[in-house]
Amino acid sequence: MTRPQAVTILGSTGSIGTSTLDVMARHPERYSVFALTAATQVDALLAQCRRFAPRYAVMASPVHAQQLANRVREEGLPVQVLSGSQSLCDVSTDPAVDAVMAAIVGAAGLAPSLAAARAGKKVLLANKEALVVGGDLFMQAVREGGATLLPIDSEHSAVFQSLPEDPGTWSRRVEKIVLTASGGPFRTRDPQTLVDVTPQEACAHPNWVMGRKISVDSATMMNKALEVIEASYLFGLPGSRIEVVIHPQSVIHSMVQYHDRSVVAQLGTPDMRGPIAYGLSWPERIESGAAALDFASLGALSFEKPDDQRFPGLRLAWQALDGPTGTTAVLNAANEVAVGAFLEQRLRFDQIHVVNDATLQGLVPSKPQQLADLLAIDAEARSVAQAQVERLAA
């Protein structure tokens with residue numbers, strides 16, 4: 001009998017991390033937890049350490065790490081507590097690790113995701129920013145490290161499941177990728193009223209349970225803009241061959257249209273445990289815990305074109321892909337700053353797009369050659385975006 005796969009979960013206390021642990025707990029003979037990581041949630045990570053007994057637990061800051069270490073020691077748990085970005089890379093590249101779930105939100109997840117790719121791990125990519133920010137550098141690391149890259153976003157997992165097995169045939173056989181979007185909580189709302197949106201309203205997603213930042217991105221459809229960029233890098237297709245359609249029921253997760261005009265789609269209930277289970281077990285399939293579709297009670301499936309007035313940020317995806325290398329990193333950084341300011345109630349909801357657009361217009365990046373260059377672009381874009389926030393808030 002083969003040993004269980006050892007898995008590091010980057011961002012284990014978030015929604016993807018907890019869902020990953022739920023799937024793994026259903027198959028203890030197949031998977032073991034090597035390391036768990038979190039930013040600030042000491043209590044949540046401690047509870048996970050009690051249940052899953054990882055070899056390592058990593059906190060972002062030394063202060064939180066010390067708090068966790070004290071409690072781990074008090075309870076006599078056999079867990080070594082580490083802190084900082086280098087530790088995230090260490091638990092992602094350790095020779096004992098088979099797979100890394102990259103689920104840290106934002107650009108902070110880029111370095112350990114890159115490290116895991118260079119180390120030849122099976123990388124389960126739930127962090128959009130690794131590709132949106134890293135782009136060519138990340139895909140180069142995957143190729144040179146001999147890593148296996150498996151998308152975990154429901155849309156990209158659906159595309160991956162709908163494509164031919166041989167990646168070498170994708171560009172030749174595929175006419176376009178169609179990414180579906182729920183439309184978020186404001187799909188039918190009068191665009192003129194979006195000026196009054198509160199963080200609580202923006203985070204109330206109709207179909208998915210997600211963190212606050214990604215929920216806001218869904219409400220603006222910036223999450224879909226980032227997914228268009230991610231799909232371009234993942235599947236090697238230009239933005240002109242990637243389309244977005246609103247599908248409010250979130251049953252069809254995405255589609256692939258071939259040159260013969262046939263369409264292959266992947267369907268499932270809106271539960272992230274489905275794509276997580278597929279990524280963990282690929283090329284096999286295992287029980288995920290997600291509910292089965294009941295076609296008899298499913299009702300109608302509807303589709304509509306995204307409204308440019310309601311979702312102006314979506315077009316920035318193609319604009320960024322057409323820009324100089326590094327432009328997608330600028331867009332991501334600007335959006336993180338703008339969403340953060342909105343959640344802190346320093347920026348109106350409709351001004352998120354204003355900040356993103358102005359930052360793209362105001363910054364032309366130099367071509368990044370290494371991780372340090374990407375981080376420099378990220379820092380510069382955040383500075384420009386922050387200045388835009390302060391201008392609008394004045």
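1. In this predicted model, L10 stands opposite A102 in strand β5, and the pairing behind that match is parallel, with four bridges between strand β1 (residues 5-10) and β5. Two strands are said to pair if DSSP finds at least two bridges between them, while the strands (E, at least two residues) and helices (H or I, at least four residues) are themselves DSSP runs, numbered from the N terminus. On the other side of the comparison, four bridges also join β5 to strand β6 (residues 122-125), and these two run parallel, with V100 standing opposite V123 in β6.

2. A word on how to read the model: residues are numbered from 1 along each chain as its sequence is written, and side-chain values use heavy atoms, with hydrogens and water left out. Because this is a predicted model, local features need pLDDT of at least 70 and side-chain atom pairs count only at pLDDT 80 or more, whereas totals for chains, interfaces and linings use all residues.

3. Strand β5 (residues 99-102) is covered on both faces, since A99 and M101 on one side and V100 and A102 on the other are all buried. Here buried means under 20% relative accessible area, exposed means over 50%, and partly exposed lies in between, with a 1.4 Å probe and protein chains only. In a regular strand the side chains alternate between the two faces of the sheet.

4. The strands named so far belong to an open sheet of seven, in the order β4-β3-β2-β1-β5-β6-β7, with parallel pairing. Its edge strands are β4 (80-83) and β7 (148-151), each of which pairs on one side only, and the twist averages 20 degrees from one strand to the next. Within this sheet, strand β2 (residues 31-38) is joined to strand β3 (residues 56-59) by four bridges, running parallel, and L36 stands opposite A57 in β3.

5. Helix α2 (residues 42-52) packs on this sheet and touches β2 and β3, its direction making about 165 degrees with that of β2. Contact means heavy atoms within 4.5 Å, and angles, which run from 0 to 180 degrees, are taken between N-to-C directions of axes fitted as lines to C-alpha atoms, for helices over the stretch in contact.

6. A salt bridge is counted where a side-chain nitrogen of Lys or Arg lies within 4 Å of a carboxyl oxygen of Asp or Glu, and by this rule the count comes to 23. One of them joins the side chains of R50 and E75 (2.8 Å, N to O); R50 lies in helix α2 and E75 in helix α3 (residues 62-75), so the pair ties together parts that are 25 residues apart in sequence. Both ends are partly exposed, R50 with a relative accessible area of 45% and E75 at 37% relative accessibility.

7. Another salt bridge brings together the side chains of E304 and R187 (3.0 Å, N to O). This pair links distant parts of the chain, with E304 in the loop between α12 (273-281) and α13 (316-322) and R187 in the loop between β8 (174-181) and α9 (199-202), 117 residues apart. A network of salt bridges also links D22, R26, D271, R273 and E287, and R273 is among the buried residues of α12, a helix that is mostly covered, with eight of its nine residues buried.

8. A second open sheet has four strands in the order β9-β8-β10-β11, and here the pairing is mixed. The edge strands, each pairing on one side only, are β9 (242-246) and β11 (263-267). Five bridges pair β8 with strand β10 (residues 252-258) in the antiparallel sense, and V174 stands opposite Y258 in β10. Helix α7 packs on the sheet, touching β8, β10 and β11, with its direction at about 40 degrees to that of β10.

9. The second largest pocket holds about 550 Å³ of space, and of the 22 residues that line this pocket, the closest to its centre are F160, E165, P167, W170 and W282. The largest share of the lining, four residues, comes from β7. A pocket is an open set of points on a 1 Å grid over the protein atoms alone, where a 1.4 Å probe fits, with protein on both sides within 12 Å along at least five of seven lines, and lining residues have an atom within 4 Å of a point.

Terms used: Grid points are joined across faces, edges and corners, and a volume is the space filled by probe spheres set on the points.
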